[in-house]
Amino acid sequence: MSVSVRIVADAAAVGDAAAELVIAGLGVRDAPVLGVATGSSPLPVYAALERRGPAGRLGLGRAPAPAPGEYVGRPADHPESYRSVVDREVTTRLGLDPSRVAVPDGTAEDLGAACRRYEAALRAAGGVDVQILGIGSNGHIGFNEPGTPADSRTRVAELMPSTRNDNARYFPSLADVPERCITQGIGTILEARSIVLVASGEAKADAVARAVSGTPDPTCPASALQAHPRVTFVLDTAAASLLDPARHGDHALH
Ligand code: GLP
């Protein structure tokens, strides 16, 4: 299997390059399914898709757009819930039908049942055509923290202290950052037909290097993506700064 790496100048260029890959990947079906991600890294991708107008939307209004997770114990209308972030940053911009955005129910009394319902919704949609992903500074994808098995499914997971610290900037204080979430498992993510991971900035350089170099290792969950046949890391030069330029240039890695 191979991981493709594209290195571009800055975060805006990451957005443009990733948008092209998303459009190409979504072109495969009449009503394609776009797996959206939260966090700051994918924002330039949504902006680039929005700038492309109808071409960037590709009939998405008809299709479900699953979000990869949800915090547990916060109301869906909390400003930092995945539901709210996706509505604000993606649904409105890309003209998606909000009722078709699938987000796990982090307020459900039976969280296990909420996870199973979410997996069933993904299957009913025919799977994800293109999954956009960010990467945590410790290598997490979705909220799959280090140590998560590569065959994990959607489940309740604990956020590591470093992830809560990283995400504290979105909340009034660290104490307000949820401790648990529902996340797609790594095995769930790997079922997407293609995956576009975006990263920019030096803070991601170590995680990116561990994800694409060497063999898959659960201490860096993103390294499990090496097992996927169609995954591209779109990086700015800072996020790519710890890659060996001779090996990890703008080409596919084998
Ligand atoms: C969160 C999300 C991830 C995201 C990561 C990085 O923990 N669960 O999906 O990739 O943060 O976020 P950012 O892109 O803002 O650095």
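User: What volume does the largest cavity have?

Analyst: This is a predicted model, and a cavity here is a set of points where a 1.4 Å probe fits but cannot get out. In this structure the largest cavity has a volume of about 30 Å³, and the count of cavities of 30 Å³ or more comes to 1.

User: Which residues line the largest cavity?

Analyst: A residue belongs to the lining if it has an atom within 4 Å of a cavity point. Here the lining consists of Ala37, Thr38, Gly39, Leu43, Tyr46, Val85, Val86, Glu89 and Val90, which divide into 6 nonpolar, 2 polar and 1 charged.

User: Which helices each supply at least two residues of that lining?

Analyst: Helix H2, covering 43-51, and helix H4, covering 82-94, each do so, and the largest share, 4 residues, comes from H4.

User: How many helices and strands does the protein chain have, and how should I read its overall size?

Analyst: The protein chain holds 8 helices and 9 strands. Its radius of gyration is 17 Å, close to the 18 Å that the globule rule gives for 254 residues, so the chain is as compact as a globular protein of that length. Along its principal axes, the C-alpha trace spans about 50 × 40 × 35 Å.

User: What percentage of the residues count as buried?

Analyst: Buried means under 20% relative accessible area, and 54% of the 254 residues of the protein chain meet that description. The chain exposes about 10,500 Å², of which carbon and sulfur atoms supply 54%. As for contacts between residues at least 6 apart in sequence, 78% join residues at least 24 apart.

Note on methods:
Residues are numbered from 1 along each chain as its sequence is written. This is a predicted model: local features need pLDDT of at least 70, side-chain atom pairs count only at pLDDT 80 or more; totals for chains, interfaces and linings use all residues. Side-chain values use heavy atoms; hydrogens and water are left out. On a 1 Å grid over the protein atoms alone, a cavity is a set of points where a 1.4 Å probe fits but cannot get out, and a pocket is an open set with protein on both sides within 12 Å along at least five of seven lines; lining residues have an atom within 4 Å of a point. Grid points are joined across faces, edges and corners, and a volume is the space filled by probe spheres set on the points. Ala, Val, Leu, Ile, Met, Phe, Trp, Tyr, Cys and Pro count as nonpolar, Asp, Glu, Lys and Arg as charged, and the others, Gly among them, as polar. The radius of gyration is taken over C-alpha atoms; the globule rule is 2.2 Å times the number of residues to the power 0.38. Buried means under 20% relative accessible area, exposed over 50%, partly exposed in between (1.4 Å probe, protein chains only). Contact means heavy atoms within 4.5 Å. Accessible areas come from the Shrake-Rupley method with a 1.4 Å probe; for residues, only the protein chains shown count as cover.
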